[in-house]
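This report describes the architecture of a single protein chain for readers at the bench. Please consult the sequence and the structure shown below alongside the text.

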Amino acid sequence: LIGSAALAQQALTGTVTQIDRIHRTVAIKQTQAGTVGANTGGAAEEFKVQDGLSLDTLHAGDKVTFSTSQAGAVKTITKFQPQ
């Protein structure tokens, strides 16, 4: 339980592939750590966006650093910053 809480606070990076402003969800293809070319072939993952975070400046194709929290099966972005 402590390990998952620590993992949730870790900053992740990825590329925005889709934004649904009506339902407040964002799909992000995470950047894989490792060797060059390791980030190919991964699927984008959909996240809810925490109330209060503005999606106005976010666009598909943007590279972002983000943090998430998880409640059950739902992952929520708690903060993000374009790179």
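The following paragraphs treat the fold, the strand pairing, an aromatic pair and the overall character of the chain.

The model is predicted. Its chain contains one helix and five strands, and the order of these elements from the N terminus is α-β-β-β-β-β. The five strands form a closed barrel in the order β1-β2-β3-β5-β4, and the pairing is mixed. From one strand to the next, the twist averages 55°.

In general, the strands of a sheet pair through backbone hydrogen bonds, in either a parallel or an antiparallel manner. Here, strand β2 (residues 25-30) and β3 are antiparallel to each other, with four bridges between them. Within this part of the barrel, Ala27 faces Glu46 of β3.

The structure has one aromatic pair. Phe47 and Phe66 meet edge-to-face, with 5.4 Å between their centres and an angle of 65° between the planes; an angle over 60 degrees counts as edge-to-face. Phe47 belongs to strand β3 (residues 45-49) and Phe66 to strand β4 (residues 63-71), so the pair ties together parts that are 19 residues apart in sequence. Both Phe47 and Phe66 are buried.

The table gives values for the chain.

| Property of the chain | Value |
|---|---|
| Buried share of the 83 residues | 24% |
| Share of contacts with a separation of 6 or more that join residues 24 or more positions apart | 52% |
| Share of the exposed area supplied by carbon and sulfur atoms | 54% |

The area that the chain exposes is about 5,600 Å².

Definitions and conventions. Residues numbered from 1 in each chain as written. Predicted model: local features only at pLDDT ≥ 70, side-chain atom pairs only at ≥ 80, totals over all residues. Heavy atoms only, no water. Phe/Tyr/Trp six-rings, centres within 6.5 Å; stacked < 30°, edge-to-face > 60°. Helix = DSSP H or I, 4+ residues; strand = E, 2+ residues; numbered from the N terminus. Buried < 20%, exposed > 50% of the residue type's maximum accessible area, 1.4 Å probe, protein only. Contact = heavy atoms within 4.5 Å. Areas by Shrake-Rupley, 256 points an atom, 1.4 Å probe, with all protein chains shown as cover. Pairing = 2+ DSSP bridges. Axes fitted to C-alpha atoms, helices over the stretch in contact; angles between N-to-C directions.
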